[in-house]
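Visitor: I would like to learn how to read a model of this kind, beginning with a strand and ending with the ligands. Could you take me through one?

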Amino acid sequence: MQKIGVIQGDGIGPEVIGEARKVLDVACERNGTSLDFEEFPLGATHYLKTGEVLSDETVSRLEEKDAILLGAMGDPRVKPGVLEKGVLLRLRFHFDQYVNLRPVQLFDGVPCPLAGNDRKVDMFFVRENTEDFYVGLGGRVGRGKSRAELDLVRKAYEAKFDVGIDLKGEDELAYQIGVITKGGADRVVDFAFKLAKEKRMDLVTSVDKANVLTDVYGLWREAVERASKKHGIAKEFLYVDAVALHMVRNPERFKALVTPNLFGDILTDLGAALQGGLGFAPSGNINPEGISMFEPVHGSAPDIAGKGLANPVGAILSAALMLQTLGHVKAAEEIERAVRDVLAGRKHMTTDAGGRTSTSAMGDAVASGLRAL
Ligand code: NAD
Ligand code: IPM
Ligand code: MN
């Protein structure tokens, strides 16, 4: 039996994962699949009670799982980054989940914020997930440092980079380094082209900022050139600022996109807005040879937590993506179909998309839609 580690996490995490579990149970029952779930109570409450973010022992227990299903991390009571980096990013890195697959699809019945009826938003992002500005290489200089020490730093920077850094008086300096490796770029770009080929697409859009960040994204482009040749699929290079523009003006032009980590983070929130809101967007942190972790794109949404207002569709579709990755393709397709039917019916819509349906009523609607297939 395949084993799933469940991390409901913070804020609306438990609410949306509750609905995903409800739907998973029905999908598995219909398809004679049984999954063994184990809950891991990680997140703000656990941290504030025990002082522990994520123990090595918990990581070892997660290593025994076939997949992980996660709600969201982050809580206003905890300093930004402690839980997000300490749990979410640590797991993505530990399990080397180098692909962050984020489909962006506007379902029939869901209002799109763009002008014009009948907008066709249907693309997928392959976001690099273990490199770029997420590697955690950074530091701050100057806090409590003397003028002489700051002068030393300034001189070293100026000598190395041929740029002047103006450190005045008791000024401080912070830096964060983005890293792209050839191997790291090749493997994720290759995944994107392979997926495009499977989906019979003829173009992959590569996102970067190679006009300014010439080193990291110069290397990135070379990986895209190689994969394009290898798979016989055309590529286009667009700068991230222009991609943002085109996504709003003409999202229909995009089908398959591959992007470095940070730009992928930002553009997939924009993508979520195009598909009707963050609550609709699913994602999978994938290691094709290892343990993958599935989670909605959204965060813990403290502003609506505990009110039954969260849209559980992104979490439900993330669970479907998990089933698909675990080989239960029919069960996954059934969940997607049930979601599609419920949304197209326009009877059930959560408040983020202009409706009045509660989180659990939305989960119930998908579960009963699934039973009725
Ligand atoms: P957020 O995604 O939590 O919320 C942004 C906005 O979207 C809020 O107005 C929220 O109410 C709304 N929203 C989000 N999900 C929704 C849903 N399912 N249904 C209806 N509305 C929804 O982003 P934020 O406010 O920037 O961050 C809150 C916390 O979550 C922070 O601690 C942040 O670091 C964390 N975060 C975690 C993840 C993750 O665990 N994957 C992702 C993003 C943010
Ligand atoms: C996401 C989130 C995370 C990211 C944060 C919470 C670390 O925004 O999954 O999109 O930046 O990847
Ligand atoms: Mn994000």
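**A strand, a loop and two ligands**

Guide: Let us begin with strand β11, bearing in mind that the model is predicted. The strand is mostly covered, since five of its five residues are buried.

Visitor: Which residues of β11 point one way and which the other way?

Guide: P282, G284 and I286 point one way from the strand, whereas S283 and N285 point the other way, and all are buried.

Visitor: Which strands pair with β11, and in what sense?

Guide: Pairing is read from the bridges between strands, and β11 has partners in β4 and β12. Strand β4, residues 99–105, runs antiparallel to β11 and is joined to it by three bridges, with L101 standing opposite G284. The pairing of β11 with β12 is also antiparallel and extends over four bridges, and here N285 stands opposite M293. β11 and β12 form a hairpin, with five residues between them.

Visitor: Where is N287, and why does N287 count as buried?

Guide: N287 belongs to the loop between β11 (282–286) and β12 (292–296). The cut-off for a buried residue is under 20% relative accessible area, and N287 counts as buried because its relative accessibility is 11%. Leaving aside neighbours within four places in sequence, N287 is in contact with F95, D96, Q97, Y98 and S292. One of these contacts, D96, follows helix α4 and has a positive phi, near 50°.

Visitor: How should I read the helix itself, and which residues of α4 are buried?

Guide: The general idea is that an α-helix has 3.6 residues a turn, so residues three or four places apart point the same way. In α4, which comprises residues 82–94, the buried residues are L83, G86, V87, L88, L89, L91 and R92.

Visitor: Which residues are around ligand 2, and which helix gives the most to that shell?

Guide: A shell can be read first by its members, then by their classes and then by its polar contacts. Around ligand 2 are E84, L88, L89, R92, R102, R127, Y134 and D265, and helix α4 gives the most to this shell, with four residues. By class, the shell divides into three nonpolar, no polar and five charged residues.

Visitor: What are the distances from the side chains of R92, R127 and D265 to oxygen atoms of ligand 2?

Guide: An N or O atom in the side chain of R92 is 2.7 Å from an oxygen atom of ligand 2, and for the side chain of R127 the corresponding distance is 2.8 Å. A polar side-chain atom of D265 lies 2.9 Å from an oxygen atom of the ligand. Ligand 2 has 320 Å² of accessible area on its own, of which the protein covers 78%.

Visitor: Which residues come nearest to ligand 1, and how does its shell divide by class?

Guide: There are 21 residues around ligand 1, and those that come nearest are E84, G299, A301, D303 and N311. The shell has 10 nonpolar, six polar and five charged residues. E84 also belongs to the residues around ligand 2.

Visitor: Which atoms of H298, A301 and D303 lie at the listed distances from ligand 1?

Guide: It helps to separate backbone from side chain here. A301 has a polar backbone atom 2.8 Å from an oxygen atom of ligand 1, whereas in D303 a polar side-chain atom lies 2.8 Å from an oxygen atom of the ligand. H298 has a polar side-chain atom 3.4 Å from a nitrogen atom of ligand 1. Taken alone, ligand 1 exposes 800 Å², and the protein buries 68% of that.

Terms used. Residues are numbered from 1 along each chain as its sequence is written. Chains are lettered from A and ligands numbered from 1 in the order in which they are written. This is a predicted model: local features need pLDDT of at least 70, side-chain atom pairs count only at pLDDT 80 or more; totals for chains, interfaces and linings use all residues. Side-chain values use heavy atoms; hydrogens and water are left out. Helices (H or I, at least four residues) and strands (E, at least two) are DSSP runs, numbered from the N terminus. Buried means under 20% relative accessible area, exposed over 50%, partly exposed in between (1.4 Å probe, protein chains only). Contact means heavy atoms within 4.5 Å. A residue is near a molecule or strand if one of its heavy atoms lies within 4 Å of it. A polar contact is a pair of N or O atoms within 3.5 Å; within protein, one must be able to donate a hydrogen and the other to accept it, and residues adjacent in sequence count only if both atoms are side-chain atoms. Accessible areas come from the Shrake-Rupley method with a 1.4 Å probe; for residues, only the protein chains shown count as cover. Ala, Val, Leu, Ile, Met, Phe, Trp, Tyr, Cys and Pro count as nonpolar, Asp, Glu, Lys and Arg as charged, and the others, Gly among them, as polar. Two strands pair if DSSP finds at least two bridges between them.
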